[in-house]
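Please look through the sequence and the structure shown here before reading on. The report that follows takes up a few local features in turn, beginning with a pairing of strands.

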Amino acid sequence: MSTLEFRDLWVRFGSGHTAFDAVRGVNLTVASGKVVGLVGESGSGKSTIARTAVGLSEPHHGQILLDGVDVAHAKGSAVHARQRIQMVFQDPYSCLDPRMSIGASIREAIDVTEKRKRRESANYQPLSRAARDARVGELLALVELDPARASAFPGGFSGGQRQRVALARALAAEPDVLLADEITSALDVSVQGTVLNLLLDLQKQLNLTVLFISHNLAVVSRVCDEIVVMNRGEIIEHGPTSQVIDNPQDPYTQELIEAVPQIGVPLFG
Amino acid sequence: MSETKLREEATSPKSLAPKLGKSPWGGQWGAFLARRLGRLGISIVVLVTVSFLMIRLIPGDPVRNALGIMASQDVVEARREALGLNLPLWEQYLRFWQGLFTGNLGDSFTLQMPVTTVIGQRLPATLEIAFMALVFMLACAIPIGMIAAALTRGGRRRGLELGYTGVSGFIAVIPEFLIGVGLIYVFAVQFHLLPVAGRSGPDSYILPVLALSIGGIAGVSRIVRAEALTVLGQDYIRTARAKRMSSWRIYMRHALPNLLTSSLTIGGLVLGGLIAGTVLVEFIFSWPGLGMTIVASIKDKDFPLAQGVIIVYGLMVLLVTLIVDILLVLLDPRSALKEN
């Protein structure tokens with residue numbers, strides 16, 4: 001039950017005359033329990049928005065509010081609010097530590113979550129070691145992986161399986177908001193479908209608020225309730241999925257939709 | 001899924017880090033100390049031999065020098081005999097070692113006192129300013145370097161970066177004695193704020209310590225800044241920032257310990273230079289330390305005294321390097337393995 005809100009967000013890389021504004025005055029609300037798709041070409045600032053929300057980049061100006069708490073400028077106990085936002089990264093090959101078993105990766109997130117719960121309510125009873133290990137198995141089962149493989153290292157998994165491990169790790173933190181940054185772009189089409197279905201199931205099951213970043217309009221139109229189109233760091237169109245797909249207003253959006261390849265239609269000519 | 005196995009996996013990344021022997025006196029530690037002490041022994045033998053030979057290769061007759069040109073040839077010969085200077089070189093060398101082990105470095109020709117007494121009188125004054133200069137240097141260089149790195153990280157404030165590297169590079173290459181003369185001119189001659197020279201009250205320490213440490217502050221702070229920039233670019237610093245850790249905590253707990261090892265390595269080298277610098281600085285400030293003694297003893301061909309002082313200086317540098325090496329291994333056990 002949480003709303004993620006970006007208010008007049010600017011993100012700047014570099015300084016002086018080499019400064020570049022990757023995100024320029026973005027206002028965006030991801031309503032509680034909704035899946036919002038963020039589309040745009042490479043370099044349009046999609047990923048930067050997500051990275052700024054989890055703290056990997058610093059906002060130059062503006063606020064990122066999670067249920068009214070500014071997570072980008074949090075001080076004191078509010079710094080832990082950010083833990084309720086979790087991110088799944090684009091590259092399933094580099095986002096897992098190759099020297100940690102997948103069970104250990106997930107277990108690490110569980111430990112932090114238990115600490116957070118303890119902090120949030122004084123009479124919370126943290127899980128025992130055995131219960132935490134069992135939870136690793138539950139999470140793996142949730143993303144349709146064999147819990148018996150918890151002690152295996154990421155090297156033994158395929159790209160799609162790793163992406164599911166990354167998803168399980170994000171879910172281990174029991175987030176309210178999930179940022180999915182091009183989670184299917186490194187996967188082939190058949191595996192893409194599996195991971196997307198899984199994400200949608202989990203979203204309904206856990207009532208997650210999801211910001212789904214992609215450059216693939218076909219994927220976005222299938223997954224999202226709303227679509228936001230970005231170009232050169234600015235939002236140029238925002239509306240319900242059907243409206244944006246069927247009746248795009250901005251010429252750039254029209255171009256994007258026309259650019260989706262269709263089987264049987266030649267690309268040129 | 002076996003639970004114990006999972007726990008083992010959870011701790012496995014730690015076991016990949018290089019480990020030294022469990023007891024500080026066994027395994028890698030023992031090997032490191034043995035190797036390090038062996039090298040110290042060799043250095044000392046070289047130091048003693050070179051200081052013994054060097055002083056005898058300088059042309060001129062020390063006895064004639066000490067007795068004056070008016071002394072008769074017989075008196076000079078008798079004195080040479082008494083001092084053992086007519087013995088073959090190898091026998092003088094053996095006697096020298098013998099003296100070293102019995103704590104007898106001979107008598108000074110010019111001062112008519114045992115060399116050990118002279119060193120005992122002069123060493124504390126030198127150690128005082130060397131130690132104060134070292135503490136002052138580290139206390140200034142590390143914060144300055146870190147602040148410079150924090151302000152200029154990631155290409156921020158190009159102007160400040162240029163100004164800082166320019167000024168610190170310029171100061172770092174000025175020799176101590178020029179800085180010393182400059183300090184005397186400004187603070188003692190022009191403004192009469194501090195004494196010109198000598199060792200009288202607490203205020204007489206200020207200028208020599210400054211003269212010794214200013215160059216080091218500029219040089220070491222540059223290295224600290226370069227190291228800090230590397231450390232601040234690491235992933236774990238980005239993670240700490242993402243966790244909204246306070247900047248103070250990031251700099252103190254995450255950056256500082258990681259830049260200390262490399263800064264300390266360079267700091268050890270600088271310290272050797274600092275001890276050498278005391279010779280010139282003491283001369284300029286008429287500081288009654290070993291530096292004044294070494295200059296006078298070489299000028300007067302006072303063999304025993306010059307040898308003794310050179311050995312003390314050499315031992316100081318060797319000791320400092322040993323302490324730095326051991327500190328390095330305590331801070332970062334990998335440096336013991338790197339030597340292999």
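Leu65 of chain A has Asp70(A), in strand β5(A), as its bridge partner, and this is read from a predicted model. The pairing to which this bridge belongs joins strand β4(A) to strand β5(A), residues 69-70, in the antiparallel sense and over 2 bridges. The hairpin of β4(A) and β5(A) has 2 residues between the strands, and Asp67(A) takes a positive phi near 50° in this hairpin.

Strand β4(A), residues 61-66, is also joined to strand β1(A), residues 4-13, by 5 bridges, and these two strands likewise run antiparallel. Within that pairing, Arg7(A) stands opposite Gln63(A) of β4(A). The two pairings of β4(A) are set side by side in the table.

| Strand pair | Sense | Bridges |
|---|---|---|
| β1(A) and β4(A) | antiparallel | 5 bridges |
| β4(A) and β5(A) | antiparallel | 2 bridges |

Turning to the helices, α1(A) covers residues 46-53 and is mostly covered, since 6 of its 8 residues are buried. The buried residues are Lys46(A), Thr48(A), Ile49(A), Ala50(A), Thr52(A) and Ala53(A). Just after this helix, Gly55(A) takes a positive phi of about 95°.

How do the next two helices meet? Helix α2(A), residues 102-120, and helix α3(A), residues 129-142, pack at an angle of about 120°, and their axes are 9 Å apart. An angle that is neither under 35 degrees, nor over 145, nor from 65 to 115 counts as oblique, and α2(A) and α3(A) are therefore oblique to each other. Their crossing is right-handed. On the side of α2(A), the residues that take part are Ile102(A), Gly103(A), Ile106(A), Arg107(A), Ile110(A), Asp111(A) and Glu114(A), and they meet Arg129(A), Arg132(A), Asp133(A), Arg135(A), Val136(A), Leu139(A) and Leu140(A) of α3(A). The residues of this contact divide into 6 nonpolar, 1 polar and 7 charged.

A last site lies in helix α8(A), residues 251-258, where Ile257(A) has its place. Is Ile257(A) buried, exposed or partly exposed? Because its relative accessibility is 24%, Ile257(A) counts as partly exposed, the cut-off for a buried residue being under 20%. When its neighbours within four places in sequence are left aside, Ile257(A) is in contact with Leu217(A), Val244(A), Ile245(A) and Pro248(A). Of these partners, Leu217(A) is 40 residues from Ile257(A) in sequence, while the two are 7.1 Å apart in space from C-alpha to C-alpha.

Technical notes
Residues are numbered from 1 along each chain as its sequence is written. Chains are lettered from A and ligands numbered from 1 in the order in which they are written. This is a predicted model: local features need pLDDT of at least 70, side-chain atom pairs count only at pLDDT 80 or more; totals for chains, interfaces and linings use all residues. Side-chain values use heavy atoms; hydrogens and water are left out. Axes are lines fitted to C-alpha atoms, for helices over the stretch in contact, and angles run from 0 to 180 degrees between N-to-C directions. Helices (H or I, at least four residues) and strands (E, at least two) are DSSP runs, numbered from the N terminus. A crossing is left-handed if the near helix is turned anticlockwise from the far one by less than a right angle, and right-handed if clockwise. Contact means heavy atoms within 4.5 Å. Ala, Val, Leu, Ile, Met, Phe, Trp, Tyr, Cys and Pro count as nonpolar, Asp, Glu, Lys and Arg as charged, and the others, Gly among them, as polar. Two strands pair if DSSP finds at least two bridges between them. Buried means under 20% relative accessible area, exposed over 50%, partly exposed in between (1.4 Å probe, protein chains only).
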